[in-house]
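Here is a small set of exercises to work through with a structure on your screen. Try each task on your own before you read its solution.

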Amino acid sequence: MKFLFSIGLSLLLSSNFFAQKNEKLSTKDAAIAEHFKNDYKKKNYKKFAGKIVVKDNLIQFDDKTVYYDKADKITASILKEGLIYPQLLTDFQMQKFLDETTDKTQKRFLKLQKDPKASFDVNNIKMSNPSELTFLNSDIRIKRFKISLKDLRLNSTKIYLFELMNNKATKDISMEEFIKGSKLTYIDIE
């Protein structure tokens, strides 16, 4: 009887050990998950249609420059495929301002400027530290990331969230192959 009791007790106590563990998200990751839950709107963004020139540790999109670390294969692939580029970020920031600003005076002032996009111009930036948000990726065709974007002129850093979708993705596809066949379907600032 004691033997059965001790086996039963050890099985009961070890069940927690063998149970699947759910890691608790950090507060930042929980905020990102909440952002995608509440504010996510899928959109198809176009790839860069102009001339892309790849040099040592920088890529030029027509007359705009993005620096990156050559060892960072994810950022290099995203840039070389023309998925994220300065002109897209300029348009995104301007549209975000127009959508979120309630001050009519600022909107009128913006419209009176000769080149309203000049205030939001993205150029001479460094993209770094990409990380896949695996806790948000339940579909093998979709990968979500966050990446650091430093404006070298203003010495300011922003964190961008973005989503790539590849309809031909498989479970065993490499990250570079996934990026090659993907399109940008979401972008926002953290």
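The exercises below go from the overall layout to pockets, cores and single residues.

This is a predicted model, in which local features need pLDDT of at least 70, side-chain atom pairs count only at pLDDT 80 or more, and totals for chains, interfaces and linings use all residues. Residues are numbered from 1 along each chain as its sequence is written, and side-chain values use heavy atoms, with hydrogens and water left out.

**Exercise 1. The layout**

Task: Find how many helices and strands the protein has, and in what order they run.

Solution:
- Start with the rule: helices (H or I, at least four residues) and strands (E, at least two) are DSSP runs, numbered from the N terminus.
- By this rule the protein has six helices and seven strands.
- Walking from the N terminus, you meet them in the order α-α-β-β-β-α-α-α-β-β-β-α-β.
- Next, look at burial, where buried means under 20% relative accessible area, exposed over 50%, and partly exposed in between (1.4 Å probe, protein chains only). Of the 190 residues, 35% count as buried.
- Finally, take contacts, meaning heavy atoms within 4.5 Å. Among contacts with a separation of 6 or more, 56% join residues 24 or more positions apart.

**Exercise 2. The pockets**

Task: Describe the volume and the lining of the largest pocket, then do the same for the second largest.

Solution:
- First, the terms. On a 1 Å grid over the protein atoms alone, a pocket is an open set of points where a 1.4 Å probe fits, with protein on both sides within 12 Å along at least five of seven lines; lining residues have an atom within 4 Å of a point. Grid points are joined across faces, edges and corners, and a volume is the space filled by probe spheres set on the points.
- The largest pocket has a volume of about 540 Å³. Its lining counts 20 residues, with Lys43, Tyr45, Phe92, Asp99 and Ile187 nearest the centre.
- Two or more lining residues come from each of α2 (27-39), α4 (86-100) and β7 (183-189). Helix α4 gives the largest share, eight residues.
- Now sort by class: Ala, Val, Leu, Ile, Met, Phe, Trp, Tyr, Cys and Pro count as nonpolar, Asp, Glu, Lys and Arg as charged, and the others, Gly among them, as polar. The lining of the largest pocket then splits into six nonpolar, four polar and ten charged residues.
- The second largest pocket has a volume of about 200 Å³. Its lining includes Gln93, Phe120, Asp121 and Lys158, and by class it has five nonpolar, three polar and four charged residues.

**Exercise 3. The cores**

Task: Which residues of the largest nonpolar core touch the most other members?

Solution:
- A nonpolar core is a set of buried Ala, Val, Leu, Ile, Met, Phe, Trp, Tyr and Cys residues joined through side-chain atoms within 4.5 Å.
- The largest core has 29 residues, and Leu89, Met127, Phe162, Leu164 and Ile187 touch the most other members.
- Apart from this core lies another, of six residues, among them Ile32, Phe36, Leu136 and Tyr186.
- Zoom in on Phe162: leaving out residues up to four places away in sequence, its contacts include Ile78, Ile84, Phe145 and Ile187.
- A wider pattern to keep in mind is that in soluble globular proteins, nonpolar side chains tend to be buried together.

**Exercise 4. Lys64 and Gln93**

Task: Are Lys64 and Gln93 buried or exposed?

Solution:
- Lys64 is found in strand β3 (residues 64-67). Lys64 counts as buried because its relative accessibility is 14%.
- The side chain of Lys64 makes a polar contact with the side chain of Asp121, at 2.8 Å. (A polar contact is a pair of N or O atoms within 3.5 Å; within protein, one must be able to donate a hydrogen and the other to accept it, and residues adjacent in sequence count only if both atoms are side-chain atoms.)
- Gln93 is found in helix α4. With 15% relative accessibility, Gln93 counts as buried.

**Exercise 5. Positive phi**

Task: Where do Asp62 and Asn155 lie, and how exposed is each?

Solution:
- Most residues other than glycine have a negative phi.
- Asp62 is not a glycine, yet has a positive phi of about 55°. Asp62 lies in the loop between β2 and β3 and, at 45% relative accessibility, counts as partly exposed.
- Asn155 has a positive phi near 55°. Asn155 sits in the loop between β5 and β6 and, at 57% relative accessibility, counts as exposed.
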